[in-house]
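Reader: I'd like to go through a model with you and learn how to read its features. Can we take salt bridges, helices and the DNA contacts in turn?

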Amino acid sequence: MSIRTLLSSPKQPLHLLKHHRYLSAIVDIDNVLPTQPQPQTPPNITSKLIHLLNSINTDNWNDNDELRQLLSTINTTPPTLIQLLRRLGTSAKALKLYQWVQTNVVPISPSLAYQAIFEIAAREPDSCLKLLDVLELSRDENVALTVESVAILVRSFARAQMVDEVRRVFNEIQPCNRTTYICNVLLALMFRGGNVDDSLVLLDEMLQLESESESGLGYPPNDSTGFIVFAWLLREKTVRPEMVVSLVFKLGDHGVFPDGMTIMRLITKLGHGSHCSQAWELLNGLMKIKEGPVDAQSCNAMLTWLGRTNDFQKMNLLMAEMKEKGIRPNVVTFGVLVMYLCKSRRVDEALRVLNEMTKEEENGEGFFVRPDVVIYNTLFDGLCKVGRPGEALALMQKMRLQNVCAPTTVTYNCLIYGFCKSGEIESSIELFDQMKEEGVPPNIITVNTLVDGMCKHGRIGTALKFFNDMQINGIKGDTVTYTSLINAHCRVNNIDKAMALFDEMMSAKCTPDAIVYYTLISGLIQAGQLDDAISIVGKMKASGFCLDAVSYNVLINGFCKENRMDKVSEIFKEMELSGIRPDEVTYNTIISSLGKSGDFNTATETMKKMIGEGLVPTVVTFGALIHGYCIIGKLDVAMTIFENMRSTSKVSPNTVIYNILIDSLCKENKTEVAVSLMDEMQVKGVVPNVITYNAMFRGLQEKKWLDKALEMMDRMQRQACNPDYVTMEILTEWFSAVGEMESLRNFVQEYQVSASLPRNEAKLR
DNA sequence: TTAGGGTTAG
């Protein structure tokens, strides 16, 4: 395939090989220069001659005796005369001398004379204009240009970005006389000028003609061509990924390869454009070359993109290929592997990578590749994120004992986060004290991690005190600190304090961001302070932040709960106007609210609008409608929707849908239908939860079906579904009245035993 | 390589 056909926008190709005049043939200077040694003109005579030629008017040369006398004393061979030309001050003078010599002294080679004149013109002010004038004359005289002349012209025109002139000179040379150098100059100019089509036609010629180069024809690409093309591939935004691969391979066929750094950048570029498969193709193609250009950094770039797409299979394959080709992985290679394994929570595999890199002794250090603290920190973070902070701590001790590297602030931050996450706040505080003792400075992330950990585990007071101590010790809080504190106070319904913290944050000159605004708005909505929430939304917008879909949904939900449907519709319209597309959650929230208030007409209209917007009703949409009909006691309609949902819409019911129906059926004393739905759940593999059982127990109590209740309790236990206070309330009232407290005690006993067993065994029961 | 928010039906 020619390169042009790979272009996305076809344009009329430039016919570089057709429709142009071959005005001149290249004259090779080596074949023209004399092979015999020439008698030298004494330097003083040459100087006198040059002085004379420069000082007297060109019209008077014929009449000047001194000039004639001097010329007669020198050897007037063409090479001497050319040397003389070269030493004149201006191209105009040199041109005149050439013409004068031709008729008055001895004919000299026009090609060489013009070369000398071009050389002078290139050094003059306004060189390009002078060169153009001389070039025009040479064209008129049909003078063949020497290789040197072409080089001078192309170099000067290229420097002045005169693309058309370069191209014209190029076209005037016969293809057999074009050189790779000239092609490269033109190619670079055309690429830089954005003339991609023509550049690729020329490149295609260079690539195709290469086979003829052995016979002296063609202008095959060289490393400079590669440099120009690779730079363009990296720079150009619209280049298609297939073209990147194809050009690299085509140049590769001619022995021109990108270096490791360029391969890395090409792969990164392809990765950024989500063209991982082409990046893979490129790297694999280049890896096939024996002692090729692929190095660890090129592979690292590929591993990064494979990691981002979670393609661990190919990552392993690439590692194996690197081993096979003798490409030695470096610390970054292993770092990338560890990071992406940890991100996917495959921490044990990440730990195996650490083992792999530390097991061999090849470099006298006792390591295959010495791991750095970044790799260790990534592992600590990975272990902590999956709830294994103890192992992270043990690994840190090992790292310290083996003197591999010293813990840093990040190390401690990861561990502190891990212990906070698992609720071991005291251990986190101990680690904080330890880092200070060791001289590892805590930073704002350390403080924020601890503050958030304390807040999330119900120790808001401790968090506030710790935060104040830190401020006194010089670590000021930032927006993240305040977000944690505001969130914590909202959750315990202390909105006043949350608002006070928000104000404090503003006076502390911490710039609020979208997250802290969301946190406060969501807290106010939760507390039912809808108008205060709207006022914060106003502040948020004034600070230049927009609400996203989730924030709008929170607001809509708040107003739905208060049944302020006018405001809901206002917010909905504003959402659409701001370009935030209402999603399934938005529609489901509104449909649910309408269902609860019995407005099924508007609910149905809303559902139609939802479908019209290209959204698909979900199990929640149907659940909202089913619940609405259950509330007004229209169980038959609810059941019809339930059936239609399954058959027509192919939406599988989930636990919540069954719960709604079972609860309503039991309340309507249709317990036998509820029991059959419960059996259906089992068949369909939908797991009941405590709400299902509670609803069921109420229905069974009403019917006094004790045996069925005992059977359900058994099923509940087998599923490791914990009873809650509602379960206990129903069963205690019922079982005490019928003298079955022993069964209830056994039931509770089983759970206590389960709770004391290790997690795995509890699950098995 | 480390820290804060996340909405809908029971």
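Author: Below we talk through salt bridges, helices, DNA contacts and a residue in a late helix. Keep in mind that this is a predicted model.

Reader: Let's start with charge pairs. How many salt bridges does the structure hold?

Author: There are 32 salt bridges. When you look at one, check where the partners sit along the chain. The general idea for helices goes like this: an α-helix has 3.6 residues a turn, so residues three or four places apart point the same way. Now the case here: E356 and K359 form a salt bridge, with their closest N and O atoms 3.6 Å apart.

Reader: Where do E356 and K359 sit relative to each other?

Author: They are 3 residues apart in helix α19 (residues 347–359), which puts about one helical turn between them. As for the surface, E356 is partly exposed at 39% relative accessibility, and K359 is exposed at 53%.

Reader: Which residue does D452 pair with in a salt bridge?

Author: With K456, and the closest N and O atoms are 2.6 Å apart. D452 and K456 are 4 residues apart in helix α24 (residues 444–456), again about one helical turn. Both count as partly exposed: D452 has a relative accessible area of 22%, and K456 comes in at 45%.

Reader: And what about a pair that isn't within one helix?

Author: Try D531 and R564, whose side chains meet in a salt bridge at 3.2 Å, N to O. This pair links distant parts of the chain, 33 residues apart: D531 belongs to helix α29 (residues 530–542), while R564 is in the loop between α30 (549–561) and α31 (565–577). D531 is partly exposed at 48% relative accessibility, and R564 is partly exposed at 32%. Salt bridges can also share partners, and that is how E136, R139, R168 and E172 are joined into one network.

Reader: On to helices. How do I check the length of one, say α8?

Author: Compare the expected span with the distance between the end C-alpha atoms. At 1.5 Å a residue, the 13 residues of α8 (residues 147–159) should span 18 Å, and the end C-alpha atoms are indeed 18 Å apart.

Reader: Which helices do the buried residues of α8 pack against?

Author: They pack against α6 (110–123), α7 (127–140), α9 (163–172) and α10 (180–192). Among the buried residues of α8 are V150, I152, L153, V154 and F157. After the helix comes Q161, with a positive phi near 60 degrees.

Reader: How does α18 look when read the same way?

Author: The 13 residues of α18 (residues 331–343) should span 18 Å at 1.5 Å a residue, and the end C-alpha atoms are 18 Å apart, so the two agree. Its buried residues include F334, V336, L337, Y340 and L341. The buried residues of α18 pack against α16 (296–308), α17 (312–325), α19 and α20 (373–385). Look at both ends, too. N330 caps the N-terminal end, with a side-chain oxygen 3.1 Å from the backbone nitrogen of V332. Just after α18, R345 has a positive phi of about 65 degrees.

Reader: Now the DNA. Which residues come nearest to DNA strand B?

Author: Of the 48 residues around DNA strand B, the nearest are N377, N413, V550, N553 and N659. By class, the surface near strand B has 19 nonpolar, 21 polar and 8 charged residues. It also helps to ask which part of the strand is being touched. Of the strand B atoms within 4 Å of the protein, 47% belong to sugar or phosphate, and the rest belong to bases.

Reader: Which side chains should I click on to see base contacts?

Author: Start with D548, where a side-chain N or O atom is 2.8 Å from a base nitrogen of DNA strand B. For N654, the corresponding distance to a base nitrogen is 2.9 Å. D478 has a polar side-chain atom 3.5 Å from a base nitrogen of strand B.

Reader: One last stop: what is Q701 in contact with, leaving aside its neighbours within four places in sequence?

Author: Q701 is in contact with I730, E733 and W734. Q701 belongs to helix α38 (residues 690–703) and is partly exposed, at 21% relative accessibility. A polar contact of 3.0 Å joins the side chains of Q701 and E733. For a sense of scale, Q701 and V229 are 472 residues apart in sequence and 82 Å apart in space, C-alpha to C-alpha.

Definitions and conventions. Residues are numbered from 1 along each chain as its sequence is written. Chains are lettered from A and ligands numbered from 1 in the order in which they are written. This is a predicted model: local features need pLDDT of at least 70, side-chain atom pairs count only at pLDDT 80 or more; totals for chains, interfaces and linings use all residues. Side-chain values use heavy atoms; hydrogens and water are left out. A salt bridge is a side-chain nitrogen of Lys or Arg within 4 Å of a carboxyl oxygen of Asp or Glu. Helices (H or I, at least four residues) and strands (E, at least two) are DSSP runs, numbered from the N terminus. Buried means under 20% relative accessible area, exposed over 50%, partly exposed in between (1.4 Å probe, protein chains only). A residue is near a molecule or strand if one of its heavy atoms lies within 4 Å of it. A polar contact is a pair of N or O atoms within 3.5 Å; within protein, one must be able to donate a hydrogen and the other to accept it, and residues adjacent in sequence count only if both atoms are side-chain atoms. Ala, Val, Leu, Ile, Met, Phe, Trp, Tyr, Cys and Pro count as nonpolar, Asp, Glu, Lys and Arg as charged, and the others, Gly among them, as polar. The expected span of a helix is 1.5 Å times one less than its number of residues. Contact means heavy atoms within 4.5 Å.
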